[in-house]
Amino acid sequence: MNKVLVLLEHDGTTLRPSSGSAIGFARELSDEVTALLLGEDLGAIAAEAAKYAPVLTADHESLSQNVADRWAHVITEVARSQNAELIVATSTTWAKDIVGRSAGLLGGAMASDVTDHEITDGQLRLRRPMFAGAVNATLILEGSPKIITVCPSAYNAPKPADIPFLIETLSVDASTLPSATRFESLDCKKGARPDVTEAHIVVSGGRAFKNAEDFEKYVGGLADQLGAATGSSRALVDAGITPNSLQVGQTGKIVAPELYLALGISGAVQHLAGMKNSRVIAAINQDPDAPIFEFADYGLVGDVYKEVPRLIEELNGS
Ligand SMILES: Cc1cc2nc3c(=O)[nH]c(=O)nc-3n(C[C@H](O)[C@H](O)[C@H](O)COP(=O)(O)OP(=O)(O)OC[C@H]3O[C@@H](n4cnc5c(N)ncnc54)[C@H](O)[C@@H]3O)c2cc1C
């Protein structure tokens, strides 16, 4: 693989940690990795990115909000001008909105949610979950360019370089950008806990928790002891106990943290689709036959209302 373009995600102030997975993957495939940043006032973020790869910035007020058709247009133009053979991003909600559009514009071959890869006989083989995680497929992309999104925790970010790479600012002609969509406003919830797709540890709760107060006390309490993110099964989202943003699974977020703690979650295939690539899975469930135990590295049969406070106490040292 020669030229690889990595799309980096940021929140307007700093790089999203999940972007490290895309850079890590790209670096495993090629020495010719260039990072692309879009937005406005990107100076500080570009300096951060330059620790990992040479950086191209499309820095313009017309790109200040990530309006998908504009961003996809710019990504496509840059990929073409750079003759990129591979375009990589981390599979986040942002990427789902934008990268697929670029893939359509570029007319290449795309694989999303990649969790692993190998090169055999010179061919790149990608692993990704399919059919709600019921199977893990191995894919070879035949088209060009190739567009790949990787799961947030699937790859480690490379070590930052001692001497930063170069940063180049691209010129943006706002008059050529699509204007069918206009940005209105953004409602952003800022939580003290890390984002569920970026955290190294995720503590998730299921139907065992009867209300939002219990979820916060037990799942949130344990997450805070571990510096973890909270996640939830869809059962709790559907019951209005947890917000949609916490849902892990086929129709929620796909996560692959170092440690996934499933508390009172049965392990339905749709939930497993979102977390079964976690490095270590630990589960607490009062039903010894709960399917989650088939996937868990560590399991505790017990009542979450008794076991979770014990864990919190242990971690608290009290
Ligand atoms: C198209 C489709 C998409 C879906 N997408 C998703 C998705 O993205 N994410 C998702 O999570 N689900 C999804 N679902 C729903 C999924 O099928 C399950 O219904 C859901 O995951 C169940 O959530 P749960 O494990 O919390 O609840 P349950 O299956 O009811 O399990 C609760 C578990 O808690 C245990 N328990 C109860 N009380 C206690 C206690 N006090 N202590 C310890 N253990 C206890 C029980 O033994 C049980 O195993 C989807 C379904 C469909 C049809």
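This is a short chat about a predicted model of a protein chain with a bound ligand.

Student: How is the protein chain divided up?
Tutor: Into domain 1, residues 4-176, and domain 2, residues 201-316. The model is a predicted one.

Student: How far apart are the C-alpha centres of domain 1 and domain 2?
Tutor: Those centres are 30 Å apart. Domain 1 puts 13 residues into the contact and domain 2 puts in ten.

Student: What area do the two domains bury between them?
Tutor: About 940 Å², with 50% of it on carbon and sulfur atoms.

Student: What kinds of residues are on the domain 1 side?
Tutor: Where domain 1 touches domain 2, six residues are nonpolar, six are polar and one is charged.

Student: And how many salt bridges are there between domain 1 and domain 2?
Tutor: Zero. The count of residue pairs in polar contact between the domains, with both residues at pLDDT 80 or more, is also zero.

Student: Switching to the ligand. Which residues come nearest?
Tutor: Arg207, Ser233, Thr251, Ser266 and Asn285, out of 25 residues around the ligand.

Student: What about the backbone: which ligand atom is 2.9 Å from Arg234?
Tutor: An oxygen atom, and its partner is a polar backbone atom of Arg234. Gly252 has a backbone N or O atom 3.4 Å from a ligand oxygen. At Val304, a polar backbone atom is 2.8 Å from a nitrogen atom of the ligand.

Student: How much of the ligand does the protein bury?
Tutor: The ligand exposes 980 Å² when taken alone, and 75% of that is buried by the protein.

Conventions. Residues are numbered from 1 along each chain as its sequence is written. This is a predicted model: local features need pLDDT of at least 70, side-chain atom pairs count only at pLDDT 80 or more; totals for chains, interfaces and linings use all residues. Side-chain values use heavy atoms; hydrogens and water are left out. Domain bounds come from an automatic or database domain assignment. Contact means heavy atoms within 4.5 Å. Buried area is the accessible area (1.4 Å probe) that two parts lose on being put together, summed over both. A salt bridge is a side-chain nitrogen of Lys or Arg within 4 Å of a carboxyl oxygen of Asp or Glu. A polar contact is a pair of N or O atoms within 3.5 Å; within protein, one must be able to donate a hydrogen and the other to accept it, and residues adjacent in sequence count only if both atoms are side-chain atoms. Ala, Val, Leu, Ile, Met, Phe, Trp, Tyr, Cys and Pro count as nonpolar, Asp, Glu, Lys and Arg as charged, and the others, Gly among them, as polar. A residue is near a molecule or strand if one of its heavy atoms lies within 4 Å of it. Accessible areas come from the Shrake-Rupley method with a 1.4 Å probe; for residues, only the protein chains shown count as cover.
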